[in-house]
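Student: Before I accept any label in a structural description, I would like to see the rule behind the label. Could we go through this one in that spirit?

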Protein chains: 4
Amino acid sequence: MSLRLGVIGTGAIGQDHIRRITRKTHGARVVALNDIARAQAQAFAERERLDARVVETAGELIAAPDVDAVLVTSWGPSHEELVLASIAAGKPVFCEKPLATTAAGARRIVDAEMQGGRRLVQVGFMRRYDAGYRALKQTVDDGTIGAALMVHCAHRNPAVPEAYVGDMAITDTFIHEIDTLRWLLDDDYVSAQVIEPRRTRNAHAGLHDPIVVLLETRKGIRIDCEVFVACRFGYDIRCQIVGETGAADLPDPPSVALRSAGRASTAIQMDWKQRFVDAYDLELQEWITSTAAGAVSGPTAWDGYFAAVTADACIAARQTRRIVPIEIGARPRFYG
Amino acid sequence: MSLRLGVIGTGAIGQDHIRRITRKTHGARVVALNDIARAQAQAFAERERLDARVVETAGELIAAPDVDAVLVTSWGPSHEELVLASIAAGKPVFCEKPLATTAAGARRIVDAEMQGGRRLVQVGFMRRYDAGYRALKQTVDDGTIGAALMVHCAHRNPAVPEAYVGDMAITDTFIHEIDTLRWLLDDDYVSAQVIEPRRTRNAHAGLHDPIVVLLETRKGIRIDCEVFVACRFGYDIRCQIVGETGAADLPDPPSVALRSAGRASTAIQMDWKQRFVDAYDLELQEWITSTAAGAVSGPTAWDGYFAAVTADACIAARQTRRIVPIEIGARPRFYG
Amino acid sequence: MSLRLGVIGTGAIGQDHIRRITRKTHGARVVALNDIARAQAQAFAERERLDARVVETAGELIAAPDVDAVLVTSWGPSHEELVLASIAAGKPVFCEKPLATTAAGARRIVDAEMQGGRRLVQVGFMRRYDAGYRALKQTVDDGTIGAALMVHCAHRNPAVPEAYVGDMAITDTFIHEIDTLRWLLDDDYVSAQVIEPRRTRNAHAGLHDPIVVLLETRKGIRIDCEVFVACRFGYDIRCQIVGETGAADLPDPPSVALRSAGRASTAIQMDWKQRFVDAYDLELQEWITSTAAGAVSGPTAWDGYFAAVTADACIAARQTRRIVPIEIGARPRFYG
Amino acid sequence: MSLRLGVIGTGAIGQDHIRRITRKTHGARVVALNDIARAQAQAFAERERLDARVVETAGELIAAPDVDAVLVTSWGPSHEELVLASIAAGKPVFCEKPLATTAAGARRIVDAEMQGGRRLVQVGFMRRYDAGYRALKQTVDDGTIGAALMVHCAHRNPAVPEAYVGDMAITDTFIHEIDTLRWLLDDDYVSAQVIEPRRTRNAHAGLHDPIVVLLETRKGIRIDCEVFVACRFGYDIRCQIVGETGAADLPDPPSVALRSAGRASTAIQMDWKQRFVDAYDLELQEWITSTAAGAVSGPTAWDGYFAAVTADACIAARQTRRIVPIEIGARPRFYG
């Protein structure tokens, strides 16, 4: 039996996910759509020849008896309300990043979900589904490098649009490392620090770029991550875990090795969309499969909440130029 | 509308393909199965909860009105007859390697297909669907290394079973390079030579391993390929194309880079099944999509025939220790 | 005309340098030796068939009319006095690390040298002579990666002896990065911070290992350096400079690339002595050549002093867990 | 005591060697020079402030009582006569490639040397002194890859001058692999074959480029070597030895790894002179050291003779397009 999905938000990422469900994944179909721009949703449904109706309101979609589960791919500020409504309706919900725009909002979701007594929420941190990160986690988990002690990362983009300003290096970019490294290390953060190196002349006026973020975990593992979004040279994601007896690096995407004009070279991707495209596919497939089986196997509301709290601490650390503690109670038993 | 498939042969590769169609690809479903071991087919269908009937004979399956296209994954010696029957029935047919066990048999298929007036046959050369080979072909095609002049290859397996004997290094192993390089270079072969280096002590008694195969193309490109199936150290597929201004290498599969015990290392796969698993998925998906659209986009019967003739020449070259010409008429216009 | 050298201290490093002068470099010869263990010096001179006399005291050696220049390779605590004596005698002096055991001592040397009105002192920071670091500096200097913004380093040893304790990770190990990075970046430091990650179980009882040192330069460049001296897996020196348009890495020493037992690998050196052996040769050769020409071309007393002040700041930063400013006046014009 | 050398031929390579002896190596000095262009030799001696006299004839130089050993760096066609004269005079002689311009000439040297009863001749095959090749040989010799079965090589130059024509790809270029691989494998050749791939448009009119040379050894090891002297992209020397349990590659020269403009790259040298510069230094140093000790430790007259016979076989194989046997008696005991 196919899982019947309702999708709220048919912008770029919503359309991508719907196409994924139609063409790549198995076990689910989209039966209902909603978007504040109704006409756009309608047009998309027709263009894609979806066998799905466009419903008037998000609430109506969530309530619809033929909608087994909800995909929230709308504007960020709407996420909290939509996820809470899904929980209230007792329906599994996949919510794109961020789970909520504030830590308090994410906490409300955690509380509501626990009150409901059943895990329903998955947050869209897709890097956990990347084959490279999974291989790296396997290397750590099977003891190949001994206990992890340090992590050195870089998150580099060739350029960002003018709309990318302020602390988006943390909330939009580094947020991926925040979630991925907790999962990789099976650990939580206890403090954050942010360093602002010399500014590149290639960033637009509204941006101090790059930054270096330092995190400390409960086990004492120390993480340093360069976040450099106007680096010009490529979309370059690096992650080295150093353990007691060895070091392991996230693999680069494969590339034809070229010998030409005095250089031996491989390509660095320039477009971030290519980098994790397979991870997005797998993320949705595993969500569909586990939802159909009545479970949540991916990043939970607690993970989304922890990420929000950590991002807030990073922002505070940046503003104060101090080491900011990350204080969050122990993980509730509910989240295993 | 979903393409309705009949599958002849439900051994290992047949089962793999059926699972692929059920779980990975879109646009087709299996409606009928046939195998000389009927009970096995029946058991498999039940285990997989396939909504497909098991039919008594291959002929019945090919003739069935609800079978739009045929997948031949039976024992090699049966391929020729089954493909000819599919052509006679006017049905698209995907045939696993080999198209026929002799070049003459492959030629009969080519002739039958041309006589029928419509391209119906695709041969299962899956490397053309590997992302790495496609990137390599793109590099050649877009002129990055200038006109191709030489190709250096290696096809290495850690070990082969006792049943792997005689000229299987050519007919089962090197056959992949035969097809892939013709496609990569967009060229045909004109001669073959085989060299037998010093024999490894790690091959079983029935096998002279390794060998080196040399091919010459119509354009004068020279190919050398090491075929070493008891190399012990890994399943290692290498392909470097040297052009007038550069050289390009097939990428290795991505791997965590490890620094440990005085070595910086990456993994070489040991199991050939992993190496091209994505290529198999894509091969079937593209076959389904193009078949539904009424066309053959993959390796044709002509390609299967050319591969068979080339393999025969390699075998003759090995026996005679001479350079053996590959004589085959120009590609019929029918095969574009 | 050959430069006539007097060597004070004929322990391991002194013997290495003497053999270098005898067998590798050109333009100098050792004419006098001194060591507090006179018999050992005498025995070494005989074993090596040196045409050099062993003199009773260091002062006598420095004063000897046939000694054109002095090599100080004695015990660290003696360096300051011997270098000051050489300056007083108006003789060029090459002093192994450290220039003095305290920053104040190094400052006294700087003051004495300036007072003398002529640059006479070179400190033994050999990494500036390593071909890899020189190529890296060239890459930075010629603008290939734009202005430098960040540096990511690691200084890893497989193991250290029991005698290696306390802050030797800074004074004996990281001291190399302190000097090399100032030279690479043509910049000075303004602050230091030290982080203590989770401790490896492979370090001996007296040692907290690894540490991470963070330095900030006058231009705002931010440096992070992992110092991990019981890493087990190799002597692994890494340095990546990230600039406005690219990143450049210190090359690893060349190694046969091996494909074996499921791994593609290269060697990481286990013995630090091999790593910079060519740099030591070149260091001495350039010192001899420039000394013969009446100049100092290598690391100056000022560089030695700056390194000592920076090391002190790192130690204070480690103890206080705070960011410690590095305050040192502007470079005197005397040191160009 | 310093070895007193006489150098015949003060062209480019002669001058390089003399500078090496003066500035890099230890244990020898040049006491006499000869060149058919006497004035040029005189000018060079003055420019370099050599403490050496220019003598009228090569014969006079060889005979001079203060000349302990001879360096032949004159025009190729003069080598045979000069080496024979040195042997007649009982003096050690280092002769640049080729030992003689014909195999017969090289044989005459072998015979003369054996008749003299003492090994005196070393041929200038410098690759045996390259650190990379030595590490590769070590890997083979210590059994890391099991018994060698195949060797895949490439010898690539970006371009060659107009004067480079005919079979110089064999006599000037591939000659290096001929000697190096015999030494690496500790084996002799028994046959040669040459293949002419499609010609690059970047070679000048007088040149068919590239070629592929195939050699077979006494043990049955099979070698393929691409020789491509107008490859445009770099001076690129590759050598992979495939053994029963692994494969080992000659290391590339170290290079700063750059990430820039969408590419991760390292440099390929463009100028062949850089590639083996350290090997030339070591070659002369070891020759000086062993000559002073009364022995020949490097490539012998027999090696030079074997190389000449092999090159002749390659040329014949190219002309006849056949596999040409290499017939040469067993190595005389004299050459151990």
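The dialogue that follows sets values against definitions.

Tutor: Let me begin with the conventions: this is a predicted model, in which local features need pLDDT of at least 70 and side-chain atom pairs count only at pLDDT 80 or more, while totals for chains, interfaces and linings use all residues. Residues are numbered from 1 along each chain as its sequence is written, chains are lettered from A and ligands numbered from 1 in the order in which they are written, and side-chain values use heavy atoms, with hydrogens and water left out.

Student: Why is the link between C:Glu244 and A:Arg201 called a salt bridge?

Tutor: A salt bridge requires a side-chain nitrogen of Lys or Arg within 4 Å of a carboxyl oxygen of Asp or Glu. For C:Glu244 and A:Arg201 the N to O distance is 2.5 Å, so the pair meets the rule. Across the interface of chain C and chain A the rule finds two salt bridges, and a search of the whole structure gives 120 over all chains.

Student: What makes the pair B:Arg156 and B:Asp236 a tie between parts that are 80 residues apart in sequence?

Tutor: The closest N and O atoms of B:Arg156 and B:Asp236 are 2.9 Å apart, and the two form a salt bridge. B:Arg156 belongs to strand β7 (residues 148–156) of chain B and B:Asp236 to strand β11 (residues 236–243) of chain B, so the pair ties together parts that are 80 residues apart in sequence. Strands here are DSSP runs of E with at least two residues, and helices are runs of H or I with at least four, numbered from the N terminus.

Student: How do you know how many residues of chain C are in contact with chain A?

Tutor: Contact means heavy atoms within 4.5 Å, and by that criterion 37 residues of chain C are in contact with 37 residues of chain A. The two chains bury about 2,800 Å² between them, with 55% of it on carbon and sulfur atoms, where buried area is the accessible area (1.4 Å probe) that two parts lose on being put together, summed over both. Of the area that chain C buries against chain A, C:Arg198, C:Arg222 and C:Glu244 supply 24%, more than any other three residues.

Student: What makes a residue pair between chain C and chain A a polar contact, and how many does the rule find?

Tutor: The term asks for a pair of N or O atoms within 3.5 Å; within protein, one must be able to donate a hydrogen and the other to accept it, and residues adjacent in sequence count only if both atoms are side-chain atoms. Across the interface of chain C and chain A, 13 residue pairs in polar contact satisfy the rule, both residues being at pLDDT 80 or more. The largest share of the side of chain C that touches chain A, five residues, comes from β7(C).

Student: How many salt bridges are counted between chain D and chain C?

Tutor: The count is zero, although twelve residue pairs are in polar contact, both at pLDDT 80 or more. Here 27 residues of chain D are in contact with 27 residues of chain C, and the area buried is about 1,700 Å², of which carbon and sulfur atoms give 58%. D:His26, D:Val256 and D:Arg259 supply 31% of the area that chain D buries against chain C, more than any other three residues.

Student: Why are strand β12 (residues 246–249) of chain C and β13(D) said to pair?

Tutor: Pairing requires that DSSP finds at least two bridges between two strands. These strands have four bridges in the antiparallel sense, so they satisfy the definition. Along this pairing, C:Asp249 stands opposite D:Ala257 in β13(D).

Student: Which order do the strands of the open sheet in chain A take?

Tutor: Six strands form the sheet in the order β3-β2-β1-β4-β5-β6, and the pairing is parallel. β3 (53–54) and β6 (121–123) of chain A stand at the edges with a single partner strand each, so one side of each is left without a neighbour in the sheet. Strand β1 (residues 3–8) of chain A is joined by six bridges to strand β2 (residues 28–34) of chain A, and A:Leu5 stands opposite A:Val30 in β2(A).
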